[in-house]
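Trainee: Got a minute? I'd like to go through this structure with you.
Mentor: Sure, pull it up.

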Amino acid sequence: MPLEFANNLHLFSPSPALFLEVSGKSLAHLNSVDVLVIAVYFAIVIFIGFYLKGSANTSEEFFMAGREMTAWIAGLSFVSANLGSLELMGWAGSAYQYGILATHWYWIGAIPAMLFLGIVMMPFYYISKTHSVPGYLHLRYGDGARALSAVSFAFMTVLMSGINMYSMAIVMKVVLGWNLNFSIWVSSITVALYVALGGLRSAIFNEVLQFLLIWLGALLVPILGLIEVGGWSNLRQQILTNLGRSDYVHLWSTLGHFHDNPMGVHWTGIVFGLGLVISFGYWTTDFLVVQRVLSAHNLRAARMAPIIGAGFKMAVPFIVILPGLLALSVLPFHLVGETQAVATGQHSYNEVLPLMLVRYCSPGLLGLGVTALIAGFMSGMAGNVSAFSTVWTYDIYGAFINKKASDKHYVAMGRWCTFVGVLISVGTAYLVQHAASIMDYVQALFSFFIAPLFGTVILGMLWKRATKAAGFWGLLAGTATAVGLWLWVHFDPSALRYVALSADAKAMAEDMYRALWSWLVCVIVTIVVSYMTQPKPEAQLEGLVYGASRIPEEHDDHWYQKPIIWAGVIAVLFVIVNIIFW
Amino acid sequence: MREAMSIWFFAGVLFLIYGVIITAEGFWELANPPAHPPVLFTLHPAVWWGGMMAIIGLIYTVRFWPRVKR
């Protein structure tokens, strides 16, 4: 499972399992200044939790941050909830291993979906006043689809949070030599404290801080790296000389066949599997990220937030992919896979970002870089538990167990859920420590829901004819297809040539095509069942479906305030950067 | 009664504290170079990176300082 990972960001990053084996030595040693930098961060995040406690008294405040966030805060939080430490380290390692191809997960694997969310989908999420994605399914399809989506999301989210927690503790052990229990408990108690106190607002504030910290902590590496190698042209030349192959520095020109590029992928898998299904599934229906946008203070801010997020997302390869490419040129030794690293004592791909930090950063700056990694982990975990407590309280407890409780009761339930979510995460972390294979199964399980859910939501938003029964059966059939294909390849690896269309395909390609097939099955079943069952009257679809809803007009003072203009700017930039690195 | 503290105020304070700490460490290293300096240590990134953070942090702290409500 080389592509699964943190922050529910399945199929978007290398596996934390890659960090499982540790060699017993640490890469860096922190001095007192570095420790001071880390301590200041912990003090501020806990202070924020206590400070915001008074702003989280009602359920709207606790679960939706009072719907008071500006476009910039919601946008930074939206992109930050996805920018975890394991993602940073994992994708920097992938860039070292596979070259610039790893950038696809930041560009075609994110930008079109984010723009689509802002321009097309956000009005329906926002004007329906839903509290969650399962909540939208309830309004559109009824309780069946909501229950299926809510239960799978809630439990998989906390399990993934535990896996990320364990993976991060392993990273801290490898990089700094820290004790596993220390990392797990200090980070989880801190997160539980500030989320339970301040709710979503506290999680969002910390995500914005984390986003800024990641840029501050990681930006020096590409800047100093480019100075060292003498610019981008020299870097390309040196990679060519060192590796003797050119496919490490091209985004598209090597995707004509599975065996022409180091990743073993084909352009159809990247465009349709990653760019169309996985990316749209994650960025438009995973409640972890969508919740951030739903907290915006008006429809215009809710539409601008993903567009602002897309602009920043497009820049992230500068601090993630570029360090991996720079390492190919400047490191005096060669990095290897995790298994070989453990056997031989060499450094692994996944250590590339810490290695580059240590290469350029003196005390203080090193502490800042490590703080960025810790902050990334903690905000990812906070995102998980805040989304978990919302879905549990609104879509499971409030919908099926106790429908008539007071608002105060639901807020108390949300706070307790935060602690329970963290405890389940900690339990999962220790479970994984003793049975590592659980990690791969849980990650695979979560990934099964992403693509079909996108099929269900998008048909629900754009097609009035989609019916209640079709929503449930389409989602179930798509999920069952994903599970079935995974089991087929798991027990018969030769089936890869059918699932991924080529025996040369690698695991990443399998993930992309499995997502594509499960989405197609979901869409086909939803359409067929819709034509066999009675649709809802159009009056009941007001505010939920395109063609049956009146989107509130936005009165922008100037043309340049319109979301569509900025989406167009980001789309043009997206095309330009893809052509430049073709 | 003051306005609520904005996220940008927290960011400013954090940047300012980090900027001061890292710049001070950078100047200390100028006088006491480490035995095993990192690559490109001669560019003294701690001084200018820390200085930049301190200036941005100061601007944000002042700009978003919670005002007294009228």
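Mentor: One definition before we start: the expected span of a helix is 1.5 Å times one less than its number of residues. Also keep in mind that this is a predicted model.

Trainee: OK, let's use that. What span should helix 10 of chain A have, and how far apart are its end C-alpha atoms?
Mentor: Helix 10 covers residues 232–243, which is 12 residues, so the expected span is 16 Å. Its end C-alpha atoms are 16 Å apart, and that agrees.

Trainee: What comes just after helix 10 of chain A?
Mentor: A:Gly244, with a positive phi of about 70 degrees.

Trainee: Switching to chain B. How many helices and strands does it have?
Mentor: Chain B has 2 helices and 0 strands. Its radius of gyration is 16 Å, well over the 11 Å that the globule rule gives for 70 residues, so chain B is more spread out than a compact globule. Its C-alpha atoms fill a box of roughly 55 × 15 × 15 Å along the principal axes.

Trainee: And how much of chain B is buried?
Mentor: 34% of its 70 residues count as buried.

Trainee: How many residues does each chain put into the A–B contact?
Mentor: Chain A gives 25 residues and chain B gives 21.

Trainee: Which element of chain A gives the most to that side?
Mentor: Helix 1 of chain A, with 7 residues. By class, the side of chain A that touches chain B has 21 nonpolar, 2 polar and 2 charged residues.

Trainee: New topic: helix 3 of chain A. Is it mostly covered or uncovered?
Mentor: Mostly covered. Of its 10 residues, 9 are buried. Among them are A:Ile73, A:Leu76, A:Phe78 and A:Val79.

Trainee: What do those buried residues of helix 3 pack against?
Mentor: Helices 8, 12, 13 and 17 of chain A, together with helix 1 of chain B.

Trainee: Last one, A:Met378. Where is it found?
Mentor: In helix 17 of chain A.

Trainee: Why does A:Met378 count as buried?
Mentor: A residue is buried if 20 or more other C-beta atoms lie within 10 Å of its own. A:Met378 has 28 C-beta neighbours inside 10 Å, so it counts as buried.

Trainee: Which residues is A:Met378 in contact with, leaving aside neighbours within four places in sequence?
Mentor: A:Ser187, A:Thr190 and A:Val191. A:Ala192 is 186 residues away from A:Met378 along the chain, yet their C-alpha atoms are separated by 9.9 Å.

Methods: Residues numbered from 1 in each chain as written. Chains lettered and ligands numbered in written order. Predicted model: local features only at pLDDT ≥ 70, side-chain atom pairs only at ≥ 80, totals over all residues. Contact = placed C-beta atoms within 7 Å. Helix = DSSP H or I, 4+ residues; strand = E, 2+ residues; numbered from the N terminus. Nonpolar A, V, L, I, M, F, W, Y, C, P; charged D, E, K, R; others polar. Rg over C-alpha atoms; globule rule 2.2 N^0.38 Å. Buried ≥ 20, exposed ≤ 12 C-beta atoms within 10 Å, placed from the backbone.
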